[in-house]
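Thanks for making time this morning. I would like to walk through one model with you, beginning with how far it can be trusted and then moving from the overall fold to a few individual residues.

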Amino acid sequence: MTKKFSSLSDLASAFGKSIDDTAPKQNSHHQALVYSTADGRISPAKSTTVTPSDGFAKVRRETKGRKGKGVITITGLGLDNKALKELAKKLKKTCGTGGSVVGDVIEVQGDKREEIKLVLEKSGFKVKFIGG
């Protein structure tokens, strides 16, 4: 008894059952949201926090991890991301160098501490030089 079945309906008829083709088919790719206690694909709302300032902008020269290249880092400003980017743009333009904003830190290439100090004091910050 080696009868081959060409479809599921042939197999069902061999067992005495009938298949109802009018039944709705289930979709395995259903995209409706199901309740879950875990995060899943739902991304939580991002909150931006500004690190509070102690009243001083700390200017430091760093070379560590930069293959000997000197970079001036400015921390402790207490500004949001947009204001940090605007201040970094102003500093880079007056120093004539490149730089970036990484987290709450402004990095300016080269050793232009005195020029940076003047710009920060004009912007209303008290400046402290950290390190040598």
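Where in the protein chain is confidence lowest, and where is it highest? Confidence is lowest in α1, at a mean of 79, and highest in strand β4, residues 105–109, at 94, where pLDDT is the predictor's confidence in each residue, from 0 to 100. For the protein chain the mean pLDDT is 82, and 79% of its residues reach 70 or more. This is a predicted model, in which local features need pLDDT of at least 70 and side-chain atom pairs count only at pLDDT 80 or more, while totals for chains, interfaces and linings use all residues. Residues are numbered from 1 along each chain as its sequence is written, and side-chain values use heavy atoms, with hydrogens and water left out.

Let me turn to the overall fold. The protein chain contains three helices and five strands, and along the sequence they follow the pattern α-β-β-α-β-β-α-β; helices (H or I, at least four residues) and strands (E, at least two) are DSSP runs, numbered from the N terminus. Of the 132 residues of the protein chain, 16% count as buried, where buried means under 20% relative accessible area, exposed means over 50%, and partly exposed lies in between, with a 1.4 Å probe and protein chains only. The accessible surface of the protein chain comes to about 10,800 Å², of which 54% belongs to carbon and sulfur atoms; these areas come from the Shrake-Rupley method with a 1.4 Å probe, and for residues only the protein chains shown count as cover. Among contacts between residues at least 6 apart in sequence, 46% join residues at least 24 apart, a contact being heavy atoms within 4.5 Å.

Next comes helix α3, which spans residues 113–122. Which residues of α3 are buried? They are I116, V119 and L120, and because they cover an arc of only 100 degrees around the axis, they sit on the same side of α3; the arc is that of the directions from the helix axis to the C-beta atoms. As background, an α-helix has 3.6 residues a turn, so residues three or four places apart point the same way. The cover over the buried residues of α3 includes β1, β2 (71–75), α2 (81–95), β4 and β5 (126–130). On the other side of α3, E114, L118 and K122 are exposed. E115, also in this helix, is partly exposed, with a relative accessible area of 34%. Leaving aside neighbours within four places in sequence, E115 is in contact with T94 and C95, and its C-alpha lies 6.8 Å from that of C95, although the two residues are 20 apart in sequence. Just after α3, G124 takes a positive phi of about 95 degrees.

In strand β4 I would point to E107, which is buried, with a relative accessible area of 19%. Not counting residues up to four places away in sequence, E107 touches R66, V71, I72, T73, G98, G99, S100 and V102.

Now the charged pairs. How many salt bridges does a search of the whole structure find? The search finds four, a salt bridge being a side-chain nitrogen of Lys or Arg within 4 Å of a carboxyl oxygen of Asp or Glu. One of them joins D54 and K58, with the closest N and O atoms 3.0 Å apart, and K58 is partly exposed at 24% relative accessibility. In another, the side chains of D111 and R61 meet at 3.7 Å, N to O. D111 lies in the loop between β4 and α3 and R61 in strand β1, so the pair ties together parts that are 50 residues apart in sequence. R113 also forms a salt bridge with D111, at 3.1 Å between the closest N and O atoms, and salt bridges that share partners thus join R61, D111 and R113 into one network.

Finally, the surface. F5, L8, L11 and F15 make a nonpolar patch of about 440 Å²; patches are made of residues with over 30% relative accessible area and no salt bridge, with like charges joined within 9 Å and nonpolar side chains (Val, Leu, Ile, Met, Phe, Trp, Tyr) within 5 Å. Within this patch, F15 is found in the loop between α1 (8–14) and β1 (56–62) and is exposed, with a relative accessible area of 67%.
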